[in-house]
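Trainee: Could you go through this model with me, starting with the charged pairs and then moving on to the helices?
Mentor: Gladly; let us have it open in front of us.

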Amino acid sequence: MASTHQKIWWSVFLTLLLSNCQHEVDGAPQVPCYFIFGDSLSDSGNNNLLVTKAKANFKPYGIDFPQGPTGRFTNGRTIVDFISELLGFHGFIPSFVTATGKDILQGVNYASGAAGIRDETGQHLGDRITLTRQLRNYQLTVAQIATLLGGAAAAADQLSKCVFTVGIGSNDYINNYFLPNLYPTSKEFTPEQYATALIAQYSLQLQTLHKFGARKVALFGLGLIGCAPAELAAFSPPKGTCVNNINSAVQLFNDKLKSLVNDLNTKFTDSKFTYINIFGIGSGDPKAAGFKVTDSGCCGGRTGCAASATPCSNRREFVFFDEFHPTEAVNVNLAARAYKSSTPSDVSPIDINTLANL
């Protein structure tokens, strides 16, 4: 049974959805297109054909998703699936590997499990589409849009109206900095220096995104990585707590990302960037919000969700579906508050609804 708090979240989501439908008399979404960049928190199938351990195109992933397993790293919808619904899109934004023809005019999802800001991040897992490669794929899409619309000017006009979300950086910690036996970064950088280096590279990548037409961009901050079941298993903090040094490192990144948003808004007056405070939205007592299990995944506990494993039946009571990724019940709350902020600290400076309406 869902808790009262979770029923409220779903009610908020449905209320926002119905409100948007009332404003869309012609059936059109708020914006003509939605482009998605990121990692496994947003991936909708781009890793399916790659040689990599970072895959989720098998049961029980997708157990609550209408099409079953698709490559989404959760039991149901991801945060960007919910955001696409709130923006008024009918159907989900296609992954880059499946998007064809005029489908790309409504947007593309380039996100890839294990991807990072740094190119080496996640390489021990196999292939992944780094943010650098995602941007190259996006440039191919831009060229295709120009062909479909009859020129670069028409493509630029179309893209200027679209919403872009980027959620990246978690793997630069999980699958890089905090794996000292596999990556040298923790020996080369203090946490402060590493966050600075990541943001410097991320800034250049975001400026490339702007160069190729992005004008409405929401950047997801990193969540409470130190509370993920896999990190609890690896670092064994006291029962009931998270791995504080990981969360502290993540907060250094988030603080610098928020500052970067301000810098980008100053530099690019033709655009609007905004920061989504995933860490803050996810903070607080999960049990007070109706979750009963916070330190173990619904599938696989702390060790990973194997193909055809039997997941828990009470998925709305779990924060995590596997050892790293949140359940659909968490994603709906994150998306609702990213789209329409509940508190001033949820976003900076504006939520995605406001961004879309600019």
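**Salt bridges and helices**

Mentor: The side chains of Arg337 and Asp346 meet in a salt bridge, with 2.8 Å from N to O, where a salt bridge is a side-chain nitrogen of Lys or Arg within 4 Å of a carboxyl oxygen of Asp or Glu. This is a predicted model, in which local features need pLDDT of at least 70 and side-chain atom pairs count only at pLDDT 80 or more, while totals for chains, interfaces and linings use all residues. Residues are numbered from 1 along each chain as its sequence is written, and side-chain values use heavy atoms, with hydrogens and water left out.

Trainee: Is Asp346 buried or exposed?
Mentor: Asp346 counts as buried, at 1% relative accessibility; buried means under 20% relative accessible area, exposed over 50%, and partly exposed in between, with a 1.4 Å probe and protein chains only.

Trainee: Which residues are joined into one network by salt bridges that share partners?
Mentor: Those are Arg77, Glu85 and Glu328. Glu85 is also one of the buried residues of helix 2.

Trainee: And how many salt bridges are there in the whole structure?
Mentor: A search of the whole structure finds twelve. Among them is the pair Lys256 and Glu192, at 2.7 Å from N to O. Lys256 lies in helix 9 (residues 244-267) and Glu192 in helix 7 (residues 191-211), so this pair ties together parts that are 64 residues apart in sequence. Helices here are DSSP runs of H or I with at least four residues, strands are runs of E with at least two, and both are numbered from the N terminus.

Trainee: How accessible is Glu192?
Mentor: Glu192 is partly exposed, with a relative accessible area of 39%, and Lys256 is also counted as partly exposed, at 22%.

Trainee: Switching to helix 2, how many of its residues are buried?
Mentor: Eight of the eight residues in helix 2 (residues 79-86) are buried, which leaves the helix mostly covered. Gly88 follows helix 2, and its phi is positive, near 100°.

Trainee: Which residues of helix 4 are buried?
Mentor: In helix 4 (residues 152-160), Ala155, Gln158 and Leu159 are buried. Seen down the axis of helix 4, the buried residues fall within an arc of 95°, so they line one face of the helix; the arc is that of the directions from the helix axis to the C-beta atoms.

Trainee: What covers those buried residues of helix 4?
Mentor: The cover includes strand 1 (34-38), helix 3 (131-149) and strand 2 (163-167).

Note on methods
Contact = heavy atoms within 4.5 Å.
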